[in-house]
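Colleague: Could you pull up that two-chain model and walk me through it? I'd like to ask things as we go.

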Amino acid sequence: MIFKIFQASEVETLFELLSVNRIVGPVEKGRHVNGSTLYDFDVVYDFKDLKLDYGQTIHSAKNYFLPYRENLCTFTFENNDWQKHVDFGAYQAHVFFGLHPCDINALNKLDKVLMGDLYPNPFYGAKRSNMFIVGHSCLPTPSCFCHSMGADSVLGGFDLFLTRMEDEYMAEVRSARAYHILERLETREATHEDHLLFRKTASEKRSLFTCEVDTSDLTKILDMEFESEVWKEWGDRCLSCGTCANVCPTCYCYGVEQEVNMDFSHARKVKQLYSCNLVDFAEVAGGHNFRPESSTRLKYRYYHKHRGFVEAYEESLCVGCGRCGEACLADITVPEVIASVRGSEK
Amino acid sequence: MKTERTFLGVPVVKPRVGFFDLSSCEGCQLQILNNEATLLSFLSLVEIVNFREGMKEKSDEYDIAFVEGSVTRADEEERLKRIRENAGTLVALGSCACFGGVNQLKNRFHDLEWVKKEVYGDFPIETREARPISAFVPVDLEIYGCPIKKEEVEKIVTKLVLGHEISHPNFPVCMECKANENVCLYDLGEPCLGPVTRAGCDSWCTSNRMGCWGCRGPAPAANLEQLEEIIKQKNIPQERLLDRLECFGGFGEAARKMRHRLEKNS
C-alpha cells in the first residue's frame, strides 16, 4: 500500500479532477424531526453539496450497482418471431466519493456472491467494474456496530481511501488510476509522525463506539436457539415491510416479473429487489408458504446474515452499518435482536 | 370490426368492455381517459362499448365490466346486479368499489338520518349506508386506489386480455417508497400508513412528501397493532392514525374497533 499526505483543502481539487465522471456521494436530504440532518447518496454536481462529515446515510449506495428495479431482458415480437435483448445497464462510470468502510466492505461481500465463480451476475459485474471508489474515514453514530462485524476498516475494494487527520488527509492508494490522479494533487510522503497520528486517529474512533454485537460463537448459538421464544417476540413487532432489506448494503435477494406491453410488440423481464421479511417471500408454486409467520421470516433474515453466510464465506453478511435499525419503525435493531438471542441461551 | 391480433402467433380476442359508475367522483374512469400517451394502445387492447365518460353509445353486450363507485341506493344495487348478469368478468375499479371508499365515511355515524339532514337539508334524496360492490355481487377482480394508478390498470388489463395470472403486490407501500429512496415521513414527523397499506401505487403520495392514507387497503401481513404502538411512541395523536384508517374503508373492521376503543377511553 502507498500512503500519501495532502492538505484537507486539496480534497476539492480531487473532486474536480474526478468530476469528468458522474460523482455519487453523501448529500443532505432533510432534517429529522429531532433536529439531526438526514443524509443520502445522490449524484453530486457541486463540491459544496458533498457532505464528507456525514454520520450515516438513510439508504446504502446499492441502487447504483444493484438497482431496486432493473430490466433483465426485453423481447421484441415481429412476424410471429421474437428477439431477446439484454442490456447490463452500465451506461457510465461512477465515482463513489466518500464511502465509509462499512459500505466498501459491503461491496466486497457482494462481489463474493455476485462476481464469484458459481453464478456471476453480469448486471452487477458490469457496473461494479466501471466504478472508482474514494473511501472516507468516519466517526461512529449511536447505531454503528461495524467494529463488531470487523468492518470498521477496509483492506481493499477501493481506489483511494482518505483518512482525515487534523488538517490533512492520509490517502491509501490502492489502484494505478488513483496513483495517477494523486500525482496531480499537491501531496507529500507520509512520515513516521503521520503513521503515529493515523494509529491515534484509529484508536480514537474505536473508543467512540456505543453499540456492539457479541459475535463470538454466534453461528452455533443461532443453531441452538432456533426454537427460542425471542423470535416470536421480534416477529410480533415486525411490520413485514421490507425496509430493512431495502436500506441494507448487502441484501441482494430479488423477484422477477414479466410484462407484455399493450401493443403486444414488446415484453420484458423485470427484476425487483425483494425482502425475506415480505409475506410471500417463501411462497412457492401451488401456493404453499414455507414461512407464513413474520417471526420465521425475521429469523431467517438473521440466519442468512449471521449464520448461513458465515458458513459459506467465513464472514458475516452484515457490516454493522446500523441502517436497518435506524430505518425500522418498530425499532428492531441487530444488536438488540442478537443480544436477546444470546440472552436466551441461559 | 374486430382487428385480428396475435401474441406469439396465438390469436387474441379483443374483449368488449364497459365502464360503469355507481356512487363515486368518476375520477378513476377519468384516469383511464387521461392517459393520452397510451390511450390508443389501450383501445387496441379492448373494445369499449359502454362508457358514459367517453362516448354516447351504450351496449349491454360486454365481456368485462369495470365498475367504479360504491352502492348507496337501491337502484344502484339493481343496476349492479344487471351488470353482473351481463358481464363474464366483473372488475371493481378503485377504492369506492373495492371498500366503499370515501363515501363510506358516513357509515361511522350512528344516526344516518342526521347525516342526510346535515348534507342535503330537507331535499328529498334516497341514500343509505355506502357499501362495496362485493357486498351485493361476486367480484372477480379488484383494482385498488383512489384514484387507480393508470399504469397499473394497463398492466392488469393486458394480463386479463392475454389470460395471464393477475396478482397484486403483497408487500406494503414502504417497499416502493424505499426503492424510490424517499426520506421516511415519520422522520419528518408525519404519520403515514405506508407500512400497512398494499403497494402498487409506486409510493405515489409519499414520493411527493404526503403521508399514505391507505387508499389501497391493507397489505396481507399488515401489523396494525405495531403501527398503533409506533404512533404512540412518536407522540402522534391516535385520532390522526384513525382518520387515515377510516378514510377509504379498506381497513374496515380494524378501524371500527379502534374508533370504538378511542371513544370508550375518551
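What follows is our chat about the model, topic by topic.

Colleague: Before we start, what kind of model is this?

Modeller: Local features are held to a pLDDT of at least 70. Side-chain atom pairs count only at pLDDT 80 or more. That's how we treat it here, as the model is predicted.

Colleague: Okay, the sheet in chain A: what is the order of the four strands?

Modeller: The sheet is open and its pairing is antiparallel. β5 (81-85) and β11 (254-260) of chain A each have a single partner strand, so one side of each is left without a neighbour and they stand at the edges. Neighbouring strands are turned by 20° against each other on average, ignoring direction. Reading across, the order is β5-β4-β12-β11.

Colleague: How many bridges join β4 to β12 in chain A?

Modeller: β4 covers residues 69-78 and β12 covers residues 266-273, and the two run antiparallel. You can see the register in A:Phe75, which stands opposite A:Ala267, and in A:Asn71, which stands opposite A:Val270. The number of bridges between these strands is seven.

Colleague: And on the other flank, which residue is the bridge partner of A:Glu259 in β12(A)?

Modeller: β11(A) and β12(A) pair in the antiparallel sense, over seven bridges. They form a hairpin with five residues between them, and in the turn A:Phe264 has a positive phi of about 55°. Across from A:Glu259, the bridge partner is A:Arg268.

Colleague: A:Glu229 caught my eye too; is it buried or exposed?

Modeller: A:Glu229 lies in the loop between α6 (218-224) and α7 (230-237) of chain A. Its C-alpha atom is 9.8 Å from that of A:Ser340, 111 residues apart along the chain. The count for A:Glu229 is 10 other C-beta atoms within 10 Å, and the cut-off is 12 or fewer, so it comes out as exposed.

Colleague: Now the largest nonpolar core: which residue of chain A is among those that touch the most other members?

Modeller: That core has 136 residues, and B:Phe66 and B:Leu93 are among the members with the most contacts. It draws at least three residues from each of domain 1 (5-162) and domain 2 (173-265) of chain B. The chain A residue touches A:Val24, A:Ala61, A:Met131, A:Ile133 and A:Val134, leaving out residues up to four places away in sequence. The name you want is A:Phe96.

Colleague: Sticking with those chain B domains, which helix gives the largest share of the domain 1 side that touches domain 2?

Modeller: The C-alpha centres of the two domains lie 25 Å apart. Their contact takes 14 residues from domain 1 and 15 residues from domain 2. By class, the domain 1 side has six nonpolar, five polar and three charged residues. Its largest share, three residues, comes from helix α4 (residues 95-99) of chain B.

Colleague: Last one, the chain contact: which element supplies the largest share of the side of chain B that touches chain A?

Modeller: The contact takes 33 residues from chain B and 34 residues from chain A. On the chain B side, elements supplying at least two residues each include β1 (5-7), α6 (150-162) and α8 (224-233). The residues on that side divide into 18 nonpolar, nine polar and six charged. The largest share is five residues, and the element is α2(B).

Notes:
Residues numbered from 1 in each chain as written. Chains lettered and ligands numbered in written order. Core = buried A, V, L, I, M, F, W, Y, C linked by C-beta atoms within 7 Å. Buried ≥ 20, exposed ≤ 12 C-beta atoms within 10 Å, placed from the backbone. Domains from an automatic or database assignment. Contact = placed C-beta atoms within 7 Å. Nonpolar A, V, L, I, M, F, W, Y, C, P; charged D, E, K, R; others polar. Pairing = 2+ DSSP bridges. Axes fitted to C-alpha atoms, helices over the stretch in contact; angles between N-to-C directions.
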